[in-house]
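Trainee: I have a new structure open and would like to learn how to read it. Could we go through it together?

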Amino acid sequence: MHPHQFERRIIKRPPCKRSPFIDYNERKVYMSKPEANRLYASVILHGRINEEESPDVDTSARVIEHGKYFVTVRELANSMKKEGFVLSHVMEVGIQNIMMNLPPDSKKLVMPVRFLVQMLNMELNGKELISRFKKSNRLDRKDMIMFPVLENIDKTKPKTGNHYWIFNVNIRDRRFETLDSWRTLKNKSLDVCARKMVASFQSLWEEHYASSRVSLDEFGLTNIDVPKQNNEFDCGVFALTIANGWEARAVPNFTADDIPSIRKHLTNMWVDNANNTAPWKTILK
């Protein structure tokens, strides 16, 4: 028999339990160091120059080579400039960076965004997807398993009508969660998409973890009130920041005003990285 685990609520400390030395109204300030600002400015400049010289074809050098992913200067600049929409393979680099910076004992897992199409279409026989769910990976010992979702929310815009949000399986608190910086579960398209993700995850779980102590039968679908974006372009940056900061207790405390600094911080972190094998210093000099 297993003891009953009570749901951990997202709470604020009552006044009687607040330390007099901490300002609980203070939010995290995202500041960029001078070297990060210079690197970001160089990326944007080189990307703009290449776009002016070759409007139709990206001829810029690879500024990020990260495992099996690579990102050119122009792709990175267009993804991380003001109101730039994060390309899917740039998003993958961001996800890999989150996973590499987690502490060794972390029980959080962020899945690749490339699993999205398979999950939404219930095409669950892909080799890589199955390998991630195999029993030896012991996903049932994780606290949370996140799936970044790239959903087309405007059918009249097949390319520009896309939106990133996070679907999270909170195993510790026994619930499925949607973390969307634009909508809530009252939105029909989000609700339908989230329930497709639930159905796919349950199917994979039943196939690979049928004998696990973790049963999904009583998991409900819950909306998490996360910071909201104020334009249609920043969803990728919001999704990465939320995926990095969400631990099922405190909602990441940032606003749309922090996004320009977060863009600079992410660009610097991805480029000036020991795992980046591209000669970026030569490219951006």
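Mentor: Happy to! Begin with how much of the chain is hidden: of the 285 residues in this protein, 45% count as buried. Keep in mind that this is a predicted model.

Trainee: How many helices and strands are there in the protein?

Mentor: The protein has nine helices and seven strands. You can also ask how far apart in sequence the contacting residues lie. Among contacts between residues at least 6 apart in sequence, 66% join residues at least 24 apart.

Trainee: And what about the surface?

Mentor: The accessible surface of the protein comes to about 15800 Å², and carbon and sulfur atoms account for 52% of that.

Trainee: Let's try single residues. Is N170 buried or exposed?

Mentor: Buried means under 20% relative accessible area. N170 is at 0%, so this residue counts as buried. You will find N170 in strand β5, which covers residues 162–170.

Trainee: Which residues does N170 touch, leaving out those up to four places away in sequence?

Mentor: N170 touches D143, M144, R175, E177, F219 and A248. As for distance, K108 is 62 residues from N170 in sequence, yet their C-alpha atoms are 9.4 Å apart in space.

Trainee: Now a contrasting case, please. Why does E52 count as exposed?

Mentor: Exposed means over 50% relative accessible area. E52 counts as exposed because its relative accessibility is 60%. E52 lies in helix α1, residues 34–53.

Trainee: Which residues gather with E52 in a patch of negative charge?

Mentor: On the surface, E52 gathers with E51, E53 and D58 in that negative patch.

Notes
Residues numbered from 1 in each chain as written. Predicted model: local features only at pLDDT ≥ 70, side-chain atom pairs only at ≥ 80, totals over all residues. Heavy atoms only, no water. Patch = residues over 30% accessible without salt bridge, like charges linked within 9 Å, V, L, I, M, F, W, Y side chains within 5 Å. Areas by Shrake-Rupley, 256 points an atom, 1.4 Å probe, with all protein chains shown as cover. Salt bridge = Lys/Arg side-chain N within 4 Å of Asp/Glu carboxyl O. Lys, Arg positive; Asp, Glu negative; His and termini not counted. Charge placed at Lys NZ, Arg CZ, Asp CG, Glu CD. Helix = DSSP H or I, 4+ residues; strand = E, 2+ residues; numbered from the N terminus. Buried < 20%, exposed > 50% of the residue type's maximum accessible area, 1.4 Å probe, protein only. Contact = heavy atoms within 4.5 Å.
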